[in-house]
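User: Hi! I am new to reading protein structures. Could you walk me through how to look at a bound ligand and a metal site?

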Amino acid sequence: MKALILVGGFGTRLRPLTFSMPKPLVDFGNKPMILHQIEALKAAGVTEVVLAINHQQPDVMLNFVKDYEKKLEIKITFSQETEPLGTAGPLALARDKLVDETGQPFFVLNSDVICEYLLLEMIEFHKTNNAEASIMVTKVDDPSKYGVVVTEEATARVESFVEKPKHFVGNKINAGIYLLNPSVLDRIELRRTSIEKEIFPKIASEKKLYAMVLPGFWMDIGQPKDYITGQRMYLNSLREKSSQELATGDNIIGNVLVDESAVIGEGCLIGPDVVIGPGCVIDSGVRLLGCTVMRGVWIKEHACISNSIVGWDSTVGRWARVVNITVLGKDVHVADAEVYNSGAVIEDQASVKPEIVM
Ligand code: GDD
Ligand code: MG
C-alpha cells in the first residue's frame with residue numbers, strides 16, 4: 001500500500017525553529033514530526049511513502065530519508081514540484097508513484113497533524129462504506145481556520161465540505177488524513193489546485209465521500225501555541241498507551257518525557273507536560289513546565305521555562321525566565337537573569353515580533 005505526505009509548506013508559523021530545520025523534521029515528543037506519521041503508515045501496512053515537496057530539499061532532509069528508510073524498512077521517495085501545486089496538484093504529479101496494478105486505495109496526509117492515526121480502522125471504514133474517498137474528521141471549538149465537514153449522521157456520508165467557512169456550518173473539521181481510490185486522480189488536473197476547495201466538494205456532491213470521526217486527541221501543530229497544546233495531548237496519550245516511556249521520580253510532576261542521555265541536577269521541579277531531548281543538561285534548582293527542551297540544550301541553575309520551546313543547542317542562564325509561548329531558535333544564548341515573555345528569539349537574540357511568526 002502507498003501513501004503521500006504533503007510537505008510543501010514553508011513552516012513560517014513555526015519560525016524561528018524552521019529557520020534551522022525543515023518543518024517536517026522539527027522535533028515533537030523527541031522525534032521528527034514526520035516520523036510519527038511514517039511510523040503510523042508503516043504500522044498500517046504501507047510500504048512506500050512519497051513526500052510531496054515544492055522546493056529544493058536541503059541535505060538534512062535527504063539524510064533523514066536515507067536513515068529512516070533503513071531503520072523502518074520502508075521506501076521513501078520525493079515528488080518535487082517546480083512551482084507550488086497546492087494540496088491536490090501534487091497528487092496528479094505523483095500519479096505514477098501512487099497507482100499500481102493492485103488498484104488499492106492510498107493514504108494522503110497533511111504533514112503537520114498529530115493524533116492517534118487509526119489508519120487500519122480507516123481502511124475498514126473505507127471498505128465498509130464502499131467510498132471513493134474517506135476523510136478523517138475531528139471536533140474543535142473554533143472550526144473557522146479549518147475545512148468544515150457536514151455529514152449525514154446515520155451513514156457518515158459527507159453532504160458538504162466547506163474550506164475555512166466565513167459562517168458557522170458545523171464543528172466537525174477535516175483532520176488532514178485521507179484514504180483515496182485511484183479514481184480520485186482522474187478528477188485532478190496537473191496544475192495548482194486545492195483538494196479541499198475543488199475536489200472534495202465535487203466528490204461529496206456525487207455522494208461518494210465519507211467521514212470517519214477520529215476518537216481521541218488531534219492537533220495541527222504548525223504554530224507554537226498549538227504545538228505546546230499538542231504536546232500535552234500527546235504525552236497524555238503516551239501515559240495511557242505506554243506509560244513506561246515517561247519519567248518518574250520525586251522531582252517529576254505529571255507527564256514528562258526525558259531522553260536517557262539527558263542529565264538532570266538536584267532539586268529541580270519538572271512537569272507537567274515537559275519533553276527533554278538528547279544530551280540536555282538541566283542544572284540544579286531548575287523549574288520546567290509545559291515546555292519542550294530540544295537536543296543539546298543547557299539550562300543553568302534556577303532558571304524557569306514555562307509554556308515555551310527551547311531550540312537545539314541553546315543555553316538559558318542562571319535565574320533566567322523564558323515564559324508564555326516564547327520560542328527560542330537554534331543556538332540562542334539567554335543571559336543570566338534575563339526574561340523572555342512571549343514571541344520568538346533568533347540566533348543573534350533579536351526578538352521577532354509574535355505577529356510575524358504566528
Ligand atoms: N507539496 C505541496 N505543495 N504541499 C503543500 C502545498 C503545495 O503547494 N501547499 C500546502 N501544502 C501542504 C502543507 O505542507 C500541509 O502539510 C498541507 O499541505 C496543508 O496545508 P496547510 O497550509 O497546513 O493548510 P491548513 O492547515 O491551513 O489547512 C489544512 O489542514 C487542516 C487541518 O490541519 C486543510 O486541509 C484543512 O481542510 C484542514 O482542516
Ligand atoms: Mg496546517
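**Reading the ligand and metal sites**

Analyst: Happy to! This is a predicted model. Let us start with a polar contact: an oxygen atom of ligand 1 is 3.3 Å from a polar backbone atom of Leu85. A pair of N or O atoms counts as such a contact within 3.5 Å.

User: Which backbone atom of Leu6 lies by an oxygen atom of ligand 1, and what about the side chain of Asp112?

Analyst: For Leu6, a backbone N or O atom lies 2.7 Å from an oxygen atom of ligand 1. Asp112 uses its side chain instead: one of its N or O atoms there is 3.2 Å from a ligand 1 oxygen.

User: How much of ligand 1 does the protein bury?

Analyst: Taken alone, ligand 1 exposes 740 Å², and the protein buries 88% of that. Strand 11 (172-180) and strand 13 are the elements that each give two or more residues to the surrounding shell.

User: What kinds of residues make up that shell?

Analyst: The shell divides into 10 nonpolar, 9 polar and 7 charged residues. Of the 26 residues around ligand 1, those that come nearest are Leu6, Glu81, Glu163, Asn174 and Glu196.

User: Which protein donors does the magnesium ion have?

Analyst: Asp112 (OD) and Asp220 (OD) are the protein donors of this ion, ligand 2, and lie 2.4 Å from it. Asp112 sits in the loop between strand 6 (106-110) and strand 7 (113-115), and Asp220 in strand 13 (residues 218-220), so the pair ties together parts 108 residues apart in sequence.

User: Are these two donors buried or exposed?

Analyst: Buried means under 20% relative accessible area. Asp112 is buried at 10%, and Asp220 is buried at 18%.

Note on methods: Residues numbered from 1 in each chain as written. Chains lettered and ligands numbered in written order. Predicted model: local features only at pLDDT ≥ 70, side-chain atom pairs only at ≥ 80, totals over all residues. Heavy atoms only, no water. Donors = N, O, S within 2.8 Å, 3.2 Å for Na, K, Ca; no water. Helix = DSSP H or I, 4+ residues; strand = E, 2+ residues; numbered from the N terminus. Buried < 20%, exposed > 50% of the residue type's maximum accessible area, 1.4 Å probe, protein only. Near = heavy atom within 4 Å. Polar contact = N/O pair within 3.5 Å; in protein donor to acceptor, adjacent residues only side chain to side chain. Areas by Shrake-Rupley, 256 points an atom, 1.4 Å probe, with all protein chains shown as cover. Nonpolar A, V, L, I, M, F, W, Y, C, P; charged D, E, K, R; others polar.
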